[in-house]
Amino acid sequence: MRMGTSAPDGILAKRIHALLELTVSTIRPECIWRRFPILDSLIGSKHLKFTVSDSLAAHLGGCRDVYLVCGTIGTGFDALQRKVSATSASDSLILQAIGAAMIENLMDSAENEIRKELAEGESLTPRYSPGYGDFPLDAQRAFLDLLDTPRRIGVSLTGSLLMPPSKSVSAVIGVTPS
């Protein structure tokens, strides 16, 4: 909510707490990931691949494998957001901030779980999502197909390259030798 280091107090703090409780009871966080080799600047399997952009290639320098990761806090959040936005712009803003924090926490948790799968001497690069640098948003088509996200966690892609549910994130995480 761009409050910097200021902590909310009084009425605002109570409203945030109430919306946070409502959100926690509404969301259904889910996350999936899968490890793939990088072969000749392609990531994927025998049948589905996507080309690595220049900025992604630079980000993955030295990596032989990547994890494709997708997470969502679910469709319940979208329904809650629509309901809240119809009655209160300020509550809608608070809810957006809560949703953004929750999806980031989910992705951080997934990253921690992925670390447990690494072999001795491997580490991870930071997450890198379609839309960063020259990594095109349309890379998500193959990306979500590779993870089978519509069936597994309910994340799809619209014709305009948005991912419903709205609080969903896809990312590439490189595996580097330490």
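## The largest pocket

In this predicted model, the largest pocket holds about 230 Å³ of space. Its lining is made up of 15 residues, and those that lie nearest the centre of the pocket are Ser129, Met163, Ser168, Val169 and Ser170.

Two elements, α4 and β6, each supply at least two residues of this lining, and strand β6 gives the most, with 4 residues. By character, the residues of the lining divide into 8 nonpolar, 5 polar and 2 charged.

## Helix α3 and its two sides

Helix α3 spans residues 75–85, and its buried residues are Phe77, Asp78, Leu80, Gln81 and Val84. Seen down the axis of α3, these buried residues fall within an arc of 165 degrees, so they line one face of the helix. Such an arrangement can be read against the general geometry of the fold element: an α-helix has 3.6 residues a turn, so residues three or four places apart point the same way.

The other side of α3 carries Thr75, Arg82 and Lys83, which are exposed. As for what lies over the buried residues of α3, the cover includes α1, residues 10–26, and α4, residues 89–117. Helix α4 therefore appears in two settings, since α4 is part of what covers the buried residues of α3 and, with β6, supplies at least two residues of the lining of the largest pocket.

## Backbone features around α6

The loop between α5 (140–147) and α6 is the place of aspartate 148, a residue that has a positive phi of about 55 degrees although it is not a glycine. Aspartate 148 has a relative accessibility of 27%, and because this value falls between the 20% limit for buried residues and the 50% limit for exposed ones, it counts as partly exposed.

On the other side of α6, which comprises residues 149–152, a loop leads to β6, residues 168–177. Leucine 161 lies in this loop between α6 and β6, and leucine 161 also has a positive phi, here of about 70 degrees, although it is not a glycine.

The loop between α6 and β6 is also the place of proline 165. A cis peptide bond joins proline 164 and proline 165, with an omega of about -5 degrees.

Definitions and conventions:
Residues are numbered from 1 along each chain as its sequence is written. This is a predicted model: local features need pLDDT of at least 70, side-chain atom pairs count only at pLDDT 80 or more; totals for chains, interfaces and linings use all residues. Side-chain values use heavy atoms; hydrogens and water are left out. Buried means under 20% relative accessible area, exposed over 50%, partly exposed in between (1.4 Å probe, protein chains only). The arc is that of the directions from the helix axis to the C-beta atoms. Contact means heavy atoms within 4.5 Å. On a 1 Å grid over the protein atoms alone, a cavity is a set of points where a 1.4 Å probe fits but cannot get out, and a pocket is an open set with protein on both sides within 12 Å along at least five of seven lines; lining residues have an atom within 4 Å of a point. Grid points are joined across faces, edges and corners, and a volume is the space filled by probe spheres set on the points. Ala, Val, Leu, Ile, Met, Phe, Trp, Tyr, Cys and Pro count as nonpolar, Asp, Glu, Lys and Arg as charged, and the others, Gly among them, as polar.
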